[in-house]
Amino acid sequence: MLSPEEQKRGGAKNNQFRKSVLEKSNNICIISGEQLNDNEVHHIFPYAQYPEFRYDTNNGICIAKKYHSTACEGSYHRIYGTGENNTPDNFQKYVNERRRELGNMEYFDVYAYVYPYDEDNLEIDENFNCI
């Protein structure tokens with residue numbers, strides 16, 4: 001159950017989350033590479049369904065308003081909504097389709113983005129398994 005503050009997505013925690021995600025990405029849209037003042041933050045694992053990831057900056061990604069807002073034709077949330085079709089897999093599909101339309105063939109892997117590989121902090125046991 002969401003608290004009233006969480007339902008409206010306002011408040012200090014959400015504002016800090018948004019600010020941190022935009023800073024982390026240098027306010028650059030994951031699709032177009034544009035650095036715009038009206039870029040938004042998308043929760044990769046949806047806000048309502050995954051409270052444990054709600055304020056995790058690895059779960060947030062910078063996206064231009066035209067690709068995110070329900071007010072914009074062809075945007076992610078206009079196509080997939082905010083309910084059961086709002087999934088990490090559908091977001092990955094959407095990002096890669098829009099990138100191809102723009103001529104950017106670099107593949108976006110949503111799971112590698114959320115769970116980044118950090119080779120500087122990688123620990124390996126005697127059998128060369130990551131621990």
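**Close-up views of a predicted model**

**View 1. The pairing of strands β1 and β2.** The bridge partner that H43 has in β2 is G60, and H42 is likewise bridged to a residue of β2, namely I61. The model is a predicted one, in which local features require pLDDT of at least 70 and side-chain atom pairs are counted only at pLDDT 80 or more, while totals for chains, interfaces and linings draw on all residues. Residues are numbered from 1 along each chain as its sequence is written, and side-chain values rest on heavy atoms, with hydrogens and water left out. Strands β1 and β2 run antiparallel to each other and are paired over 4 bridges, where pairing requires that DSSP finds at least two bridges between two strands. In β1, which spans residues 40-43, E40 and H42 point to one side and V41 and H43 to the other, and all of these residues are buried, a term for a relative accessible area under 20%, with exposed meaning over 50% and partly exposed the range in between (1.4 Å probe, protein chains only). Strand β2 is also covered on both faces, since G60 and C62 on one side are buried, as are I61 and I63 on the other. In a regular strand, side chains alternate between the two faces of the sheet.

**View 2. The chain around the strand pair.** Along the chain, 6 helices and 2 strands are found, both being DSSP runs numbered from the N terminus, with helices (H or I) of at least four residues and strands (E) of at least two. Read from the N terminus, the order of the elements is α-α-β-β-α-α-α-α. The chain has 131 residues, of which 37% count as buried. Of the contacts in the chain between residues at least 6 apart in sequence, 49% join residues at least 24 apart, a contact being heavy atoms within 4.5 Å.

**View 3. I61 and its surroundings.** I61 belongs to strand β2 and counts as buried, with a relative accessibility of 1%. Its C-alpha atom is separated by 5.4 Å from that of V41, although the two residues are 20 residues apart along the chain. When neighbours within four places in sequence are set aside, the residues in contact with I61 are V21, I30, E40, V41, H42, I44, F91, F108 and Y113.

**View 4. The nonpolar cores.** The largest nonpolar core holds 18 residues, and those that touch the most other members are I30, I31, I44, Y67, F91 and F108; such a core is a set of buried Ala, Val, Leu, Ile, Met, Phe, Trp, Tyr and Cys residues joined through side-chain atoms within 4.5 Å. Two or more residues of this core are given by each of β2 (60-63), α4, α5 and α6 (110-114), and α5 supplies the largest share, with 3 residues. I31, once its neighbours within four places in sequence are left aside, is in contact with I63, Y67, Y94, V95, R98, R99, L102 and N104. Separate from this core is a second one of 5 residues, with F17, V21, L22 and C62 among them. In soluble globular proteins, nonpolar side chains tend to be buried together.

**View 5. The cysteines.** The structure holds 0 disulfides, a disulfide being a pair of cysteine sulfur atoms within 2.5 Å. For C62 the closest cysteine sulfur is that of C29, and because 6.2 Å lies between the two sulfurs, they are too far apart for a bond. C62 is buried, at 1% relative accessibility, whereas C72 is partly exposed, at a relative accessible area of 21%.

**View 6. N86 between two helices.** N86 sits in the loop that links α4 (76-80) to α5 (88-101), and this residue is buried, with a relative accessible area of 7%. Its side chain makes a polar contact of 3.0 Å with the side chain of Y76. A polar contact is a pair of N or O atoms within 3.5 Å; within protein, one must be able to donate a hydrogen and the other to accept it, and residues adjacent in sequence count only if both atoms are side-chain atoms. Not counting residues up to four places away in sequence, N86 touches H42, P46, Y76, H77, Y80 and G81.

**View 7. Two asparagines with positive phi.** N26 is found in the loop between α2 (11-24) and β1, and N27 lies in the loop between α2 and β1 as well. Phi of N26 is near 55°, a positive value in a residue other than glycine, and N27, not a glycine either, has a positive phi of about 60°. N26 is partly exposed, with a relative accessible area of 48%, while N27 counts as buried at 16% relative accessibility.
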